[in-house]
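Me: Could you take a close look at one part of this model for me, namely how its helices pack together and which side chains sit between them? I would like one connected account rather than a list.

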Amino acid sequence: MSATLDVDGPAAPPRSNGELVFAAPWESRAFGLVLTLVDAGRFGYDEFRTRLVTRIADDEARPYFESWLAALEDMLDGTVDAASVAARVEALREADEHGDDHH
């Protein structure tokens, strides 16, 4: 199982000169987590992509990778404790704010 990323359209990740662009380390981690879960067969990329497009449409002003994370949370709903995920997300955001990339 593998993911074929969109090059354009609402599900296409941000790029610069054809390369993916991540504004913060947590964005690349969330991106990598989705691809790892797809490769492991935990869920299909098409299903994730559908949820991503829905999350983007819900709030078009929301930054892309925040929508990506929201779609990932949708995919994981019921499989992990939401409070644990929220706590880990907050810890990663705080680490990013302090320039600590060792989590």
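Reply: In this predicted model, helix 1 and helix 3 pack with their axes 10 Å apart and at an angle of about 40°, and their crossing is left-handed. From helix 1, the residues that take part are Trp26, Glu27, Ala30, Phe31, Leu33, Val34 and Leu37, and they meet Phe65, Glu66, Trp68, Leu69, Leu72 and Leu76 of helix 3.

Helix 3, which spans residues 64-76, also packs against helix 2, residues 45-58, where the two axes come within 8 Å and cross at roughly 125°. That angle makes helix 2 oblique to helix 3, and the crossing is right-handed. On the helix 2 side the contacts are made by Tyr45, Glu47, Phe48, Arg51, Leu52, Arg55 and Ile56, while helix 3 contributes Tyr64, Ser67, Trp68, Ala70, Ala71, Leu72, Asp74 and Met75. Trp68 and Leu72 of helix 3 are thus among the residues that meet helix 1 and also among those that meet helix 2.

A further partner of helix 3 is helix 4, residues 82-97, with axes that come within 12 Å and cross at roughly 155°. The two helices are therefore roughly antiparallel to each other, and helix 3 passes helix 4 in a right-handed crossing. Here Glu66, Leu69 and Glu73 of helix 3 meet Val85, Val89 and Arg93 of helix 4; of these, Glu66 and Leu69 also appear among the helix 3 residues that meet helix 1. Arg93 has a second role to note, since this residue lies over the face of Trp26, at 5.2 Å from the ring centre, and Trp26 is itself one of the helix 1 residues that meet helix 3.

The aromatic side chains add another layer to this picture. Across the whole structure, a search finds 10 aromatic pairs. In one of them, the rings of Phe22 and Phe65 have centres 5.2 Å apart and planes at 40°, so the pair is tilted. Phe22 lies in the loop between strand 2 (19-20) and helix 1 (25-39), whereas Phe65 belongs to helix 3, so this pair ties together parts that are 43 residues apart in sequence. The two partners differ in their surroundings: Phe22 counts as partly exposed, at 30% relative accessibility, whereas Phe65 counts as buried, at 2%. Ring pairs also link Phe22 and Phe65 with Phe31, Phe43, Tyr45, Phe48, Tyr64 and Trp68 into a cluster. Among the members of that cluster, Phe31 is a helix 1 residue that meets helix 3, and Tyr45 and Phe48 are helix 2 residues that meet helix 3.

The start of helix 3 is also approached from the N-terminal part of the chain, through Pro13, which lies in the segment before strand 1 (15-16). Pro13 is buried, with a relative accessible area of 4%. Leaving aside its neighbours within four places in sequence, Pro13 is in contact with Leu5, Asp6, Leu20, Tyr64 and Phe65. Although Pro13 and Tyr64 are 51 residues apart in sequence, their C-alpha atoms are 7.2 Å apart in space. Tyr64 and Phe65 thus contact Pro13 and also belong to the aromatic cluster.

Technical notes:
Residues numbered from 1 in each chain as written. Predicted model: local features only at pLDDT ≥ 70, side-chain atom pairs only at ≥ 80, totals over all residues. Heavy atoms only, no water. Phe/Tyr/Trp six-rings, centres within 6.5 Å; stacked < 30°, edge-to-face > 60°. Helix = DSSP H or I, 4+ residues; strand = E, 2+ residues; numbered from the N terminus. Buried < 20%, exposed > 50% of the residue type's maximum accessible area, 1.4 Å probe, protein only. Lys NZ or Arg CZ within 6 Å of the ring centre and 35° of its normal. Axes fitted to C-alpha atoms, helices over the stretch in contact; angles between N-to-C directions. Parallel < 35°, antiparallel > 145°, perpendicular 65-115°, else oblique. Left-handed = near helix turned anticlockwise from the far one by under 90°. Contact = heavy atoms within 4.5 Å.
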